[in-house]
Amino acid sequence: MHVTLIIPCYNEEKNIQKGVLDRIANYVQDHKHFTEVVIVDDGSTDSTKEIIKKEYLPKFKFFRLVENNHEGKARAVIEGIRQSKEPFVMFTDIDLATPLEESEKLIAQAEKGFDIVIGSRNSTREGAPILRKVMAVGFIVIRNLALGLHKIRDTQCGFKLFNRDVALAIIDCMRLFDRQKTVTGSSVSAAFDLEFLFLAYKMKKRIMEVPVIWRHVETKNVTFFHDVLETLRGIAVIMYHNVRGDYNN
């Protein structure tokens, strides 16, 4: 089973300077399943791309850099899936809040025939601010009532593995991210996970959720209240398209 690892990034020079790409490279080069790492830059304005081109692409031949305009994390993940060469794709956040070693759990389930395997964080979210924990509970209630995703405990963990053909079929049906658009500031595009999983259930794909280790990492690219509002708008748009029957075409 061969897997493409997708790393979306936006203005990540500080994380890169901390050695996250070295840790990713060291893990991947000794791993039998991962054959390539596709880093999708979401229009970074710092030195992220220059560092990757100068220091990492020459050293690690299994690294590839895809340069997007600034369109948000969802478009970066989508482009990574489209650019991937292997039959399975996995994406993770560059901060490695979930250690790459946890990928073994996801791969084991994919080898059993599951189309989509998603990491699930501990419900206590150790280290996360209390306000985020409280609001996360409220978000889950709204999400489940609006989209019926009650079978999944954690839709938002940035640690997921897909059958590539299944992922592409789902992406082709998406409405929130079906066209390019420029965004301003950071955009984690949390509604991507919701629309993707909502469509996966409608298409009757095999989904497995597995618990993974996760630690809170404070990042400048997450603006919590902005992201919550963006996600609520996304839920409303998904409901709108579903009522219209747009997902049945």
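The following exercises, each with a worked solution, concern a predicted model.

**Exercise 1. Determine how strand E2 and strand E3 are joined, and which unit they make with helix H3.**

Solution.
Step 1. Locate the elements: strand E2 covers residues 34-42 and strand E3 covers residues 63-68. Helix H3 covers residues 48-56.
Step 2. Examine the pairing. The two strands run parallel, and six bridges join them. As one example, Val38 has Arg64 in E3 as its bridge partner.
Step 3. Add the helix. Together, E2, H3 and E3 make a β-α-β unit that is right-handed.

**Exercise 2. Find the salt-bridge partner of Arg64, and classify each residue of the pair as buried, partly exposed or exposed.**

Solution.
Step 1. Identify the partner. Arg64 forms a salt bridge with Glu36, and their closest N and O atoms are 2.9 Å apart.
Step 2. Place the pair in the chain. Arg64 belongs to strand E3 and Glu36 to strand E2; the pair links distant parts of the chain, 28 residues apart.
Step 3. Apply the cut-offs: a residue under 20% relative accessible area is buried, and one over 50% is exposed. Glu36 is buried because its relative accessible area is 6%. Arg64 has a relative accessibility of 22%, so this residue counts as partly exposed.

**Exercise 3. Analyse the salt bridge between Glu67 and Lys49, and name the network that includes these residues.**

Solution.
Step 1. Read the distance. The closest N and O atoms of Glu67 and Lys49 are 4.0 Å apart.
Step 2. Place the residues. Because Glu67 lies in strand E3 and Lys49 in helix H3, the pair ties together parts that are 18 residues apart in sequence.
Step 3. Classify them. Glu67, at 44% relative accessibility, counts as partly exposed, whereas Lys49, at 17%, counts as buried.
Step 4. Extend the view. Lys49, Lys53 and Glu67 are joined into one network by salt bridges that share partners.

**Exercise 4. Compare two acidic residues, Asp154 and Asp115, by stating which salt bridge, if any, each one has.**

Solution.
Step 1. Consider Asp154. Asp154 forms a salt bridge with Arg121, with the closest N and O atoms 2.7 Å apart.
Step 2. Place this pair. Asp154 is in the loop between helix H6 and E6, while Arg121 is in the loop between E5 and H6, 33 residues apart. Both residues are buried.
Step 3. Turn to Asp115, which is placed in the loop between helix H5 and E5. Asp115 is buried yet has no salt bridge: Lys205, the nearest side chain of opposite charge, is 5.6 Å away.
Step 4. Look for another polar partner. A polar atom of the Asp115 side chain lies 2.8 Å from the backbone nitrogen of Arg206.

**Exercise 5. Describe the start of helix H7 and the surroundings of its buried residues.**

Solution.
Step 1. Begin with Asn163, a residue of strand E6. At the start of H7, a side-chain oxygen of Asn163 reaches to within 3.0 Å of the backbone nitrogen of Asp165.
Step 2. List contacts of Asn163. Not counting residues up to four places away in sequence, Asn163 touches Pro87, Phe88 and Asp115.
Step 3. Identify the buried residues of H7 (residues 164-173): Arg164, Val166, Ala167, Leu168, Ile170 and Ile171.
Step 4. Determine the cover. The elements covering these residues include helices H4 and H8 and strands E4, E5 and E6.
Step 5. Connect to Exercise 4. Asp115 is in contact with residues including Asn163 and Val166.

Key: Residues are numbered from 1 along each chain as its sequence is written. This is a predicted model: local features need pLDDT of at least 70, side-chain atom pairs count only at pLDDT 80 or more; totals for chains, interfaces and linings use all residues. Side-chain values use heavy atoms; hydrogens and water are left out. Buried means under 20% relative accessible area, exposed over 50%, partly exposed in between (1.4 Å probe, protein chains only). Helices (H or I, at least four residues) and strands (E, at least two) are DSSP runs, numbered from the N terminus. Contact means heavy atoms within 4.5 Å. A polar contact is a pair of N or O atoms within 3.5 Å; within protein, one must be able to donate a hydrogen and the other to accept it, and residues adjacent in sequence count only if both atoms are side-chain atoms. Two strands pair if DSSP finds at least two bridges between them. A crossover is right-handed if, with the strands pointing away from the viewer, the path from the first strand over the helix to the second runs clockwise. Lys and Arg count as positive and Asp and Glu as negative; His and the chain ends are not counted.
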